[in-house]
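Reader: Please teach me how to read the features of a structure model. I should like the general idea and then the case at hand.

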Amino acid sequence: MQNHSIRVGIASMGLHLPPLALKVTDLARLRGVEPDKYTLGLGLQDMALCPPDYTVVELATEAAKRALSRWQGKLSDIGLIAVGTESAIDMSRPLSAWVADKLGLKGAVRSYEVKHACYGGTLAVRQALEWKLANPQQAKAALVIATDIALYTENDPGEPTQGAGAVAMIIDEPLIAAIEPKSYAWSEPAFDFWRPLGEAYPRVDGAFSQACYQRAATECFKALIAEDESEKILAELSALCFHVPFPKMVKKAFSQVVQHFGWNEQKIAEFYKTRVEPTMSWNRYSGNAYTASLWIAVANTLRGLTVGEKIAAFSYGSGFGSELLLLKAGPMAHLGEWAKDIEQDMAQRIYIDEHEYLQLRKDIVSPH
Ligand code: CAA
């Protein structure tokens, strides 16, 4: 990381998982699939689900309220709200307007929605960071939210990876984490996962999307490591966080990346076990929350880090675009106050069974 005191980063965080969940083993029973395929083969546990009247607006607003409640600033200190999502509820009106309405946020505020499949939340973070850095006199902070509801067609191979959630961050003083201004992007036009207008569920070429993701991760890490040799720069990182469509996908992508740098199986296994796999413990209970997935992993990882510990965050969005970010833990990371959001939501959520899941799908007029 460049040696300069980074003035901007994550000042506060709030997370939110919806009120329902389904165990993937119950879905396996419904679909006549060996449960181990979902739990061991894909690395899944639960999928978070929204009741019919619970949309990305509720997810995003609750996460934002939690982030604001922990921040020493006031709502009037927010000068930008950006919501990253691919679960838009309108093709013109930005999701940020619905959230701002619920929060009572208006006035001298830039408000917009960012779309790029699962990468949209990271783009919103980067834009807020660059907005702050471009305006050193900017006293106001940015409210950034990544939120999605991921539902596939019934019986789609991606169905077990479904999920939902929201992560809200106040981008201002780097109290929880500083974000390195320099990042490493890679994009290639591809139809790996897309959702044509008017279609409720995505079309996905699962195997191809994994190949795209692996290529993107390799290119981004090559760009980072080009400035230094892999052992040194990766050894400096306490953890590597990835966008988590499902945990096995991350494991394969990480392995692909470091094989490019000549790592042997033992070194790969050790590093994965200690610095990659632990980042995903919350993702196993949210499922794929698209734009929020990476930031759920980052939030999980930042808690407990001591000041100055560095982590990487690899963001991927189908279509595809990707970007590798570097973060450095701030003085409040070790408090991990936002963990109580996940603990509370998981303690309170209701687990439905496979029959209730089928009925829920019928009751959801449109998942977005
Ligand atoms: N016990 C243990 N393991 C088993 C098993 C059993 N009984 N049965 C199967 N498995 C293993 C298989 O060996 C395989 O593991 P490996 O990949 O390590 O070999 C794994 O379970 C999956 O088995 P299959 O490949 O047979 O499963 P599938 O073909 O039904 O579907 C998939 C796999 C293609 C990944 C499918 O789950 C899928 O399409 N998922 C969604 C794809 C996805 O999320 N892509 C990312 C883009 S979406 C996104 O997040 C980005 C964005 O911008 C939206």
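Author: Helices (H or I, at least four residues) and strands (E, at least two) are DSSP runs, numbered from the N terminus. The model is predicted, so that local features need pLDDT of at least 70 and side-chain atom pairs pLDDT 80 or more, while totals for chains, interfaces and linings use all residues. Residues are numbered from 1 along each chain as its sequence is written, and side-chain values use heavy atoms, with hydrogens and water left out.

Reader: Where is A117 found?

Author: A117 sits in the loop between strand 5 (110–114) and helix 5. Although A117 is not a glycine, its phi is positive, at about 45°.

Reader: Which residues does a cis peptide bond join?

Author: The cis bond links G319 and F320, with omega about -25°. F320 belongs to the loop between strand 13 (310–317) and strand 14 (321–329).

Reader: How does one describe two packed helices?

Author: One gives the angle between their axes and the distance between the axes. Here the axes (lines fitted to C-alpha atoms over the stretch in contact, with angles from 0 to 180 degrees between N-to-C directions) of helix 5 (residues 120–134) and helix 11 (residues 291–302) come within 6 Å and cross at roughly 65°. The two helices are therefore roughly perpendicular; angles under 35 degrees count as roughly parallel, over 145 as roughly antiparallel, 65 to 115 as roughly perpendicular and the rest as oblique.

Reader: Which residues make the contact?

Author: Contact means heavy atoms within 4.5 Å. Helix 5 supplies G120, G121, T122 and V125, and helix 11 supplies T291, L294 and W295. These residues comprise 3 nonpolar, 4 polar and no charged (Ala, Val, Leu, Ile, Met, Phe, Trp, Tyr, Cys and Pro count as nonpolar, Asp, Glu, Lys and Arg as charged, and the others, Gly among them, as polar).

Reader: What does the domain assignment give?

Author: With bounds from an automatic or database domain assignment, the chain has domain 1 (9–178 + 337–363) and domain 2 (184–333). Their C-alpha centres lie 18 Å apart, and 58 residues of domain 1 are in contact with 44 residues of domain 2.

Reader: How is empty space found, and where does the largest pocket lie?

Author: A probe the size of a water molecule is rolled over the atoms. On a 1 Å grid over the protein atoms alone, a pocket is an open set of points where a 1.4 Å probe fits, with protein on both sides within 12 Å along at least five of seven lines; lining residues have an atom within 4 Å of a point. Grid points are joined across faces, edges and corners, and a volume is the space filled by probe spheres set on the points. The largest pocket holds about 630 Å³. Among its 25 lining residues, E86, M91, K115, R195 and L197 lie nearest its centre. Both domains give residues to this lining, so the largest pocket lies between them.
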